[in-house]
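Colleague: Please take one helix of this model and go through it closely. I would like to know how it sits against the rest of the chain.

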Amino acid sequence: MESTFSSPAEAALQREAGTAGLLTPDADLDRVYELQRVVEFVRDLGCQRVALQFPDQLLGDAEVVAARLEETTGSKMFILGDTAYGSCCVDVLGAEQAGAQALVHFGPACLSPPARPLPVAFVFGQRSVALELCAKAFEAQNPDPTAPVVLLSEPACAHALEALATLLRPRYLDLLVSSPALPWPVGSLNSEPEPLERFGRRFPLTPGRCLEEYGAFYVGSSGASSDPDLDPDLSRLLLGWAPGRPFSSCCPDTGRTQDEGARAGRLRAQRRYLVERAKDARVVGLLVGTLGVARHREALAHLRKLTRAAGKHSYVLALGRPTPPKLANFPEVDVFVLLACPLGTLAPQPSGSFFRPVLSPCELEAACNPAWPSPGLAPHLTHYADLLPGSPFHVPLPPPESELWDTPDVSLITGELRPPPAWKPSNDPGCSAVTPRPQLELVESSPAASFLSSRSWQGLQPLLGQTPVTGAVSGKRGIAIAYDDEGSS
């Protein structure tokens, strides 16, 4: 029980960030952290104060890297190592508190656009890739040289994709190489048409082609790993890739491959289950999982409007990183929805798991919007920005008089018929009020009060004036497991 809902107080004091085993040798610092490119970035901008953001596993090198950059550039470096949310997002708030004019992000990144403009440089690191082994693995997985295939990779292996494509292009005619969707340099002018940007990557598709035509070959992670907790970046790709298209992964060290079709099917099945849980839920907790990603306020307002339209009550909770002990304090909430970047919503859950399911905004959209399409790619989106107006996947709520709100629906979990939504959106698009359905005579004003009334124990009752006044008496002594007057068993 202690491991599920709490952790020992000593754990926070004994935890070490950046232990000695994670230190990078001094001779490899320039290559691993691309210090020369960072120096050019700082000098080109003329920044005097620069923030350096490190994830927990790289904090051991932070002091040495900052000292070298200060010595080379003459600028003041500030280390950001305690992010309130995911370390994959750019911590623009922390940089502003330090008065930084630019930020350098080290380690894995979701590449989500920041909420406020700030020059950012990303350093993913350069993991070694056995090109010959990966090329042989690609040929074994793709025997047809005319089949369209996209080369994907984890961010640390992106530097080797062009070299791998050079080995494969003499035989494979329809090969596409993806690249990280890094922000364009400030003031740059690109005359060429912008490539398709999806999953934090850019795909230089030729005119008339679409990404759904391609299979995928992913270089990264470990093809031999049987750990069910997938890398969130790979999970994002597996969920969003077109169903039915081949998808395989390759370990960059050994060249061992694995067909990811079964894993993709399990992820989609889990998403369908969470959508059913969201449909059954009456109370939804909206967890604020980011303050630095663009359009997070707009997305929060959209989710609140969505829950109102579906007849559900919602509470907005700002708790920092969600943990089982934090969320266990809200037993009246049926499901939680984490508003965060794609990697944050797909990150593996702690071993103790949560008291209630934690969903992504896309799963709540599929559960509450009756106009949401069930087939195709749209149900497998991973970023909340795809749900907002302006996105090609945005689906507006149907009007109040639409028959979609009255469509009968049966829960696949309980087997019961779900009642129609108790509320409908107001006709005025600028008003946040809701209109009660005319066929309902009673509406609960507080789901928390309803939950409290259903509990067998509702707290101490004062009963003022209903109990006689008596003198103080001596109570029990000892501990609850064995009071003094109970003897020993």
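Modeller: I will take helix α5, which spans residues 62-73. Its 12 residues reach 16 Å from the first C-alpha to the last, close to the 16 Å expected at 1.5 Å a residue; the expected span is 1.5 Å times one less than the number of residues. Helices here are DSSP runs of H or I with at least four residues, strands are runs of E with at least two, and both are numbered from the N terminus.

This is a predicted model, in which local features need pLDDT of at least 70 and side-chain atom pairs count only at pLDDT 80 or more, while totals for chains, interfaces and linings use all residues. Residues are numbered from 1 along each chain as its sequence is written, and side-chain values use heavy atoms, with hydrogens and water left out.

Ala62, Val65, Ala66, Leu69 and Thr73 of α5 are buried, meaning under 20% relative accessible area, where exposed is over 50% and partly exposed lies in between (1.4 Å probe, protein chains only). These buried residues cover an arc of only 95° around the axis, so they lie on the same side of α5; the arc is taken from the directions from the helix axis to the C-beta atoms. The face turned away from that buried side carries the exposed residues Glu63 and Glu71.

The cover over the buried residues of α5 includes the helices α3 (29-32) and α4 (35-45) and the strands β1 (49-53), β2 (76-80) and β3 (102-106). Just after α5 comes Gly74, with a positive phi of about 80°.

Definitions and conventions. Contact = heavy atoms within 4.5 Å.
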